[in-house]
Amino acid sequence: MQPSTEQGATPTATGPNAIARGLGALGDEWSLQVLRAAHAGATRFGRFQEQLPVSAASLAARLAFLSDEGLFTRRIYQQNPIRAEYVLTPQGRGTWPILVAIWAWEDRWADHPRGALPTRRHRTCGHEFQPVLVCAECGEPTDRHQVRTTWGPTGGWARSVPETTTRRRPRSPRRPGEFPETMAVFGNRWAAVVIGAVFQGLRRYSEFETTLKIPSNILSERLRVLVDYGLLRTEVSAEGRREYRLTDKGTAFFPVMATTLNWAERWYSLPEGPAMIWQHHDHALVPRLDCDQCGEPLAAAEIEIVRD
Ligand SMILES: [Zn+2]
Ligand SMILES: [Zn+2]
């Protein structure tokens, strides 16, 4: 897929950066569900259909979209009639930390019944676990307070907002089950940017409005949704101005952001450099998920989903 370009601009001087493209690929209500099924072993259309309550047309469109984005490759497994299966590419396989981080956040913070999500077991140690975000460079557990982010050469808010119209991107018929609250953030192109701005220290409505250049009605609506879902709270400052702050729940979304943007930079990098630079102490942050039980780094093949 070609990034859109303004007239006269070189293809990479404007247009969506890695953040916008990564969020564009994953910020669809069904993308994460399809990926979850694929990580659990689904490759053939029928298997996906068994696991996802979605129409055949909608599923086909979703698989085509994710294939266009480079997350799946089609492999012919039968000639007559021709049948193809959808196999995760390295880019698609690389989404597993995002799914694990989302699962852990939903499990801990989202408002669904306890035990609604399957637990996960780390084969290496045999225990049910929660992932811990660590810096791969120094091995320390990390959260947003130890990490400094600055824009890279392709950074800036204007380039980090996913595009509205993505080719073959179908509309979702309804909200899928497992990641409802994550979708409140990821499923809307502005919501992800608003929460990213709060992580970067923006607090006031007027700051969001001027910095992000979001239409006012959309900004109000997104802020309201993020407050309703409990990721943001409002506070009145000493000067009597309303400010938006992250709640504990919002702060805990950090590993989802870190794994998502790290994946996006890895697979949608532009020649001029990254969109965002992540610093931990005096080195670059490379996010990694460790097992809270044994302290070993997690790997996709070592994670077993336990069905109740
Ligand atoms: Zn470090
Ligand atoms: Zn373990």
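Is His 280 buried or exposed? His 280 is buried, with a relative accessible area of 0%. That residue is a good way into this structure, which is a predicted model.

Start with the whole chain. The chain has 308 residues, and 49% of them count as buried. Its secondary structure consists of 13 helices and twelve strands. Many contacts reach far along the sequence. Take the contacts with a separation of 6 or more: residues 24 or more positions apart account for 69% of them. The accessible surface comes to about 14700 Å². Carbon and sulfur atoms make up 48% of that surface.

Now return to His 280. Its ND1 atom coordinates the zinc ion (ligand 1). Three other residues join in: Cys 135 and Cys 138, each through SG, and His 283 through NE2. The coordination distances run from 2.0 to 2.3 Å. The angles among the four donor atoms are 102 to 115°, and the site is tetrahedral. For comparison, the ideal angle for four tetrahedral donors is 109.5 degrees.

Next, look at where these donors sit in the sequence. Their spacing is C-x2-C-x141-H-x2-H. The zinc site therefore brings distant parts of the chain together: Cys 138 and His 280 are 142 residues apart. Cys 138 lies in the loop between strand 5 (131-135) and strand 6 (147-151). His 280 belongs to strand 9 (residues 276-280).

The two residues of this pair also sit in unlike surroundings. Cys 138 counts as partly exposed, at 34% relative accessibility, whereas His 280 is buried at 0%. The limit for buried is under 20% relative accessible area, so Cys 138 with its 34% falls outside that class. Cys 125 is partly exposed as well, with a relative accessible area of 24%. As for sulfur pairs, the structure holds zero disulfides.

Finally, turn to the interior. The largest nonpolar core has 79 residues. Within this core, Phe 48, Phe 72, Ile 195 and Phe 208 touch the most other members. Helix 6 (residues 96-109) supplies the largest share of the core, nine residues.

Phe 48 deserves a closer look. Which residues does Phe 48 touch, not counting those up to four places away in sequence? The list is Val 34, Ala 37, Ala 38, Ala 42, Thr 43, Leu 59, Leu 63, Phe 72 and Tyr 86. One of them, Phe 72, is also among the core residues that touch the most other members.

Definitions and conventions. Residues numbered from 1 in each chain as written. Chains lettered and ligands numbered in written order. Predicted model: local features only at pLDDT ≥ 70, side-chain atom pairs only at ≥ 80, totals over all residues. Heavy atoms only, no water. Disulfide = S-S within 2.5 Å. Buried < 20%, exposed > 50% of the residue type's maximum accessible area, 1.4 Å probe, protein only. Core = buried A, V, L, I, M, F, W, Y, C linked by side-chain atoms within 4.5 Å. Helix = DSSP H or I, 4+ residues; strand = E, 2+ residues; numbered from the N terminus. Contact = heavy atoms within 4.5 Å. Donors = N, O, S within 2.8 Å, 3.2 Å for Na, K, Ca; no water. Tetrahedral: all angles 85-135°; square planar, octahedral: opposite > 155°, others 65-115°. Areas by Shrake-Rupley, 256 points an atom, 1.4 Å probe, with all protein chains shown as cover.
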